[in-house]
Amino acid sequence: YNNHTKIEGNEVLKGMHTNPERAALIEELTDYVKNNNLKGQEAVYYGDIPGLEYILKMPCAISHTWPNLGSFAYDDFVNDFDKLESAPVIFVNVDCCRDILEVGSQADKKEIFLSEYMNNNGYSLDARIGNIAIYSPKP
């Protein structure tokens with residue numbers, strides 16, 4: 001393993017070592033959040049990426065940072081979205097869910113719901129950084 005790349009640009013992980021690919025991903029995501037003034041804004045993290053809330057300092061808009069887990073009930077997922085007062089930024093791991101805006105009927109119920117929520121609220125792809133797609137609503 002080549003875990004000798006030091007993270008410099010992320011205040012949470014500064015000085016930690018990881019592989020070059022993961023370090024680049026963390027640095028690019030950190031830069032994206034900084035350049036778009038997203039720090040502190042609420043977000044949803046979908047697809048096995050619960051650590052991004054902590055790393056990016058963007059609090060989770062729903063009650064679970066790992067909503068695709070089976071232990072997080074579908075009804076709770078839907079209820080959390082129903083309670084939202086504003087549309088959060090949504091981060092999706094494309095390795096888990098290829099194109100969230102165009103999921104098919106065979107997809108997981110949570111993915112179908114998330115896709116419908118995003119389409120109904122005018123979301124579009126803002127950026128793709130490595131395996132992370134970042135979506136936000138357009139006015």
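**Sheet pairings and packing contacts**

Biologist: Which residue of β6 stands opposite Asn 93?
Modeller: This is a predicted model. In it, β4 and β6 (residues 132-137) run antiparallel and are joined by 4 bridges. Across from Asn 93, in β6, stands Ile 132.

Biologist: In what order do the 4 strands form the open sheet?
Modeller: The pairing in this sheet is mixed. On the parallel side of things, β3 and β4 pair over 4 bridges, while β5 and β6 are antiparallel partners. Read across the sheet, the order is β3-β4-β6-β5.

Biologist: And which strands stand at the edges?
Modeller: Look for strands with a single partner, because each of those has one side left without a neighbour in the sheet. That description fits β3 and β5 (123-129).

Biologist: By how much are neighbouring strands of this sheet turned against each other on average?
Modeller: Direction is ignored here, so to speak of a turn is to speak of the strand lines alone. The average comes to 20°.

Biologist: What angle does the direction of helix α1 make with that of β5?
Modeller: Helix α1 (residues 20-35) packs on the sheet, where β5 and β6 are the strands touched. With the direction of β5, the helix direction makes about 140°.

Biologist: Which residue in the turn of the β5 and β6 hairpin has a positive phi?
Modeller: The two strands pair over 6 bridges, and Ser 124 has Ser 136 of β6 as its bridge partner. There are 2 residues between the strands of the hairpin. The one in the turn with a positive phi, about 60°, is Gly 130.

Biologist: Is Ile 129 buried or exposed?
Modeller: Ile 129 sits in strand β5. Leaving out residues up to four places away in sequence, Ile 129 touches Leu 25, Glu 28, Leu 29, Tyr 32 and Ile 134. Tyr 32 is 97 residues away in sequence, yet the C-alpha atoms are 8.9 Å apart. The relative accessible area is 8%, and the cut-off is under 20%, so Ile 129 counts as buried.

Biologist: Which residue of β4 does Tyr 45 stand opposite?
Modeller: Tyr 45 belongs to strand β3 (residues 43-46), which is covered on both faces. Ala 43 and Tyr 45 are buried on one side, Val 44 and Tyr 46 on the other. In β4 (residues 89-93), the residue opposite Tyr 45 is Phe 91.

Biologist: Are helices α3 and α4 roughly parallel or antiparallel to each other?
Modeller: α3 (residues 74-82) and α4 (residues 109-120) have axes 10 Å apart and pack at about 15°. Angles under 35 degrees count as roughly parallel. The two helices are therefore roughly parallel.

Biologist: How many charged residues are in the contact of α3 with α4?
Modeller: The helices meet in a right-handed crossing. α3 brings Tyr 74, Phe 77, Val 78 and Phe 81, and α4 brings Lys 109, Lys 110, Phe 113, Leu 114 and Tyr 117. Of these, 7 are nonpolar, none is polar, and the number of charged ones is 2.

Biologist: What is the relative accessible area of Val 103?
Modeller: Val 103 lies in the loop between β4 and α4. Neighbours within four places in sequence aside, Val 103 contacts Cys 97, Glu 111, Ile 112 and Ser 115. Leu 114 is 11 residues away in sequence and 9.4 Å away in space, C-alpha to C-alpha. Val 103 comes out as partly exposed, with a relative accessible area of 23%.

Methods
Residues are numbered from 1 along each chain as its sequence is written. This is a predicted model: local features need pLDDT of at least 70, side-chain atom pairs count only at pLDDT 80 or more; totals for chains, interfaces and linings use all residues. Side-chain values use heavy atoms; hydrogens and water are left out. Buried means under 20% relative accessible area, exposed over 50%, partly exposed in between (1.4 Å probe, protein chains only). Two strands pair if DSSP finds at least two bridges between them. Axes are lines fitted to C-alpha atoms, for helices over the stretch in contact, and angles run from 0 to 180 degrees between N-to-C directions. Angles under 35 degrees count as roughly parallel, over 145 as roughly antiparallel, 65 to 115 as roughly perpendicular and the rest as oblique. A crossing is left-handed if the near helix is turned anticlockwise from the far one by less than a right angle, and right-handed if clockwise. Contact means heavy atoms within 4.5 Å. Ala, Val, Leu, Ile, Met, Phe, Trp, Tyr, Cys and Pro count as nonpolar, Asp, Glu, Lys and Arg as charged, and the others, Gly among them, as polar.
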